[in-house]
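Trainee: I'd like to learn how the labels on a model get decided. Can we go through some together?

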Amino acid sequence: TKTADCPADGAGDLLIKEEADEVSIRSSNGFGVAFAKSTGALNSLQYNDREFLIKGFTPDFWRPLTDNDIANGTLERCGIWKNVEEEMQLIHFSLNATDSRVVLIRTQYTLSQQDSFLEFLYQISSDGKIKVTMNFKPGKKPLPEMPRFGMYLVLTDPYENFSWFGRGPHENYADRKSSAAIGLYHSTVAAQYHPYVRPQETGNKCDVRWFSLQNHQGEGIRFQGEKPLSVSVWN
């Protein structure tokens, strides 16, 4: 295995380490990330040797179907979007050190069934901030509506405390949110799940400016949208 340890050109205190199938980027303040070159996936997010990720940012064009979805044939009509995560193929992976404290990772995928392309951009700053952008480019194939256009990730265990600045405190959706006032709310991840008779989509929050997940010591991770987000957190 060939390993290259070198500071990125002009990247200051960022260190890039490249191996056969992994690129890791670390800052002198204890922050670090790692990507798999074969899949483009963000496989690790660490701070002070503590791992935050079980699974990194993953495109999500599907959601648990509601009773109404089942009645109107969403699965049959929109099923082409259900397995994008398993079917997409990486066609490009690149790294660029853009200035003294920033590294840009670009990954591009082809979605053959949808005749479309997907792109992720990760702007990684030495202060521990990561700007994640996902772009979708359709081809000429007619496609049904996406049940969801978003992404998900899976965090390690301790981050049970959920805070958000958006609509709440109860679950709310784009077509049913006026009863949920915008404010600062605090709850737990476990409390977000509602045991409907038929398991289905639950716990969403609309118009979320930011949200955080923390352990009982107040340590954790914060997410902020450039525009208001719809957010669900589940065990």
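Mentor: Let's talk about salt bridges and burial here. This is a predicted model, where local features need pLDDT of at least 70 and side-chain atom pairs count only at pLDDT 80 or more, while totals for chains, interfaces and linings use all residues. Residues are numbered from 1 along each chain as its sequence is written, and side-chain values use heavy atoms, with hydrogens and water left out.

Trainee: Why is the pair Glu 18 and Lys 37 called a salt bridge?

Mentor: The term asks for a side-chain nitrogen of Lys or Arg within 4 Å of a carboxyl oxygen of Asp or Glu. The closest N and O atoms of Glu 18 and Lys 37 are 3.0 Å apart, so the pair fits. By this rule the count comes to 13 salt bridges.

Trainee: What makes Glu 18 partly exposed?

Mentor: Buried means under 20% relative accessible area, exposed over 50%, and partly exposed in between (1.4 Å probe, protein chains only). Glu 18 has 38%, so it is partly exposed.

Trainee: And why is Asp 60 called buried?

Mentor: Asp 60 has a relative accessible area of 17%, so it falls under the 20% limit. Asp 60 also meets Arg 148 in a salt bridge, 3.4 Å from N to O.

Trainee: How do you know that Arg 148 forms a salt bridge with Glu 201?

Mentor: Their closest N and O atoms are 3.1 Å apart, so they come within the 4 Å limit. Glu 201 is buried, with a relative accessible area of 5%. Salt bridges that share partners join Asp 60, Arg 148 and Glu 201 into one network.
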